[in-house]
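Student: Please take a single part of this model, look at it closely from the level of one side chain, and then connect it with what else was computed.

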Amino acid sequence: MKNFVVKTIANAGALAVAVWLLDKITLTGDSTGKEIGTLIIVALLFGLVNFLVKPLVKLLSLPLLILTLGLFTLVVNALMLLLTSWLADKLDLSFHVEGFWTAVLGGLIISVVSWALHVVLPDGD
């Protein structure tokens with residue numbers, strides 16, 4: 001359970017950094033509390049997408065991953081971020097990613113920040 005909470009906090013932090021750095025990734029809310037709540041829900045949604053959909057997409061794109069020596073992972077991460085944005089829109093959450101290239105850059109930022117936070121934050125069961 002502790003591991004799940006740590007991963008959710010890391011995802012929320014990484015998403016917050018991407019929202020802060022990129023103008024075309026937006027998170028809006030009436031107050032700071034609502035923005036934080038939306039960010040945590042989007043982080044949970046992003047984690048769910050990465051848990052359920054990403055392995056299937058990586059398996060289906062395995063030839064491209066091998067051909068590009070793993071660089072196609074950037075595209076897979078962008079697609080997961082766009083899917084999260086689409087699901088957030090369907091769930092009436094105020095999170096939006098505008099465009100594929102923004103999603104590629106956002107996915108790269110989220111991966112780096114998430115990795116750094118996983119190194120810093122305690123891990124365990």
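Tutor: Asp30 is exposed because its relative accessible area is 71%, where exposed means over 50%, buried under 20% and partly exposed in between, with a 1.4 Å probe and protein chains only. The model is predicted, so local features need pLDDT of at least 70 and side-chain atom pairs count only at pLDDT 80 or more, while totals for chains, interfaces and linings use all residues. Residues are numbered from 1 along each chain as its sequence is written, and side-chain values use heavy atoms, without hydrogens and water.

The side chain of Asp30 meets that of Lys34 in a salt bridge, with 3.5 Å from N to O (a side-chain nitrogen of Lys or Arg within 4 Å of a carboxyl oxygen of Asp or Glu). By this rule, the count comes to one salt bridge.

Lys34 falls within the span of helix H2 (32-52), which, like helix H1 (2-21), gives two or more residues to a nonpolar patch (helices are DSSP runs of H or I with at least four residues, strands E runs with at least two, numbered from the N terminus). Met1, Phe4, Val5, Ile9, Ile36, Ile40 and Leu44 make this surface patch of about 680 Å², and Ile9 has its place in H1. Patch residues have over 30% relative accessible area and no salt bridge, with nonpolar side chains joined within 5 Å and like charges within 9 Å.

H2 also gives the largest share of the lining of the largest pocket, seven residues, and H1, H2 and helix H6 (100-120) each supply at least two. This pocket has a volume of about 330 Å³ and is lined by 15 residues, with Phe4, Lys7, Asn11, Gly47 and Leu48 nearest its centre. A pocket is an open set of points on a 1 Å grid where a 1.4 Å probe fits, with protein on both sides within 12 Å along at least five of seven lines, and lining residues have an atom within 4 Å of a point.

Gly99 has its place in the loop between strand S2 (95-97) and H6, and it counts as partly exposed because its relative accessibility is 37%. Its C-alpha atom is separated by 9.1 Å from that of Ile25, 74 residues apart along the chain.

Phe100 and Trp101 form an edge-to-face aromatic pair, 5.1 Å centre to centre with 75° between the planes (ring centres within 6.5 Å; over 60 degrees is edge-to-face, under 30 stacked, the rest tilted). Phe100 counts as partly exposed because its relative accessibility is 31%, whereas Trp101, at 67%, counts as exposed.

Note on methods
Accessible areas come from the Shrake-Rupley method with a 1.4 Å probe; for residues, only the protein chains shown count as cover. Rings of Phe, Tyr and Trp (its six-membered ring) pair if their centres lie within 6.5 Å; planes under 30 degrees apart count as stacked, over 60 as edge-to-face and the rest as tilted. Grid points are joined across faces, edges and corners, and a volume is the space filled by probe spheres set on the points.
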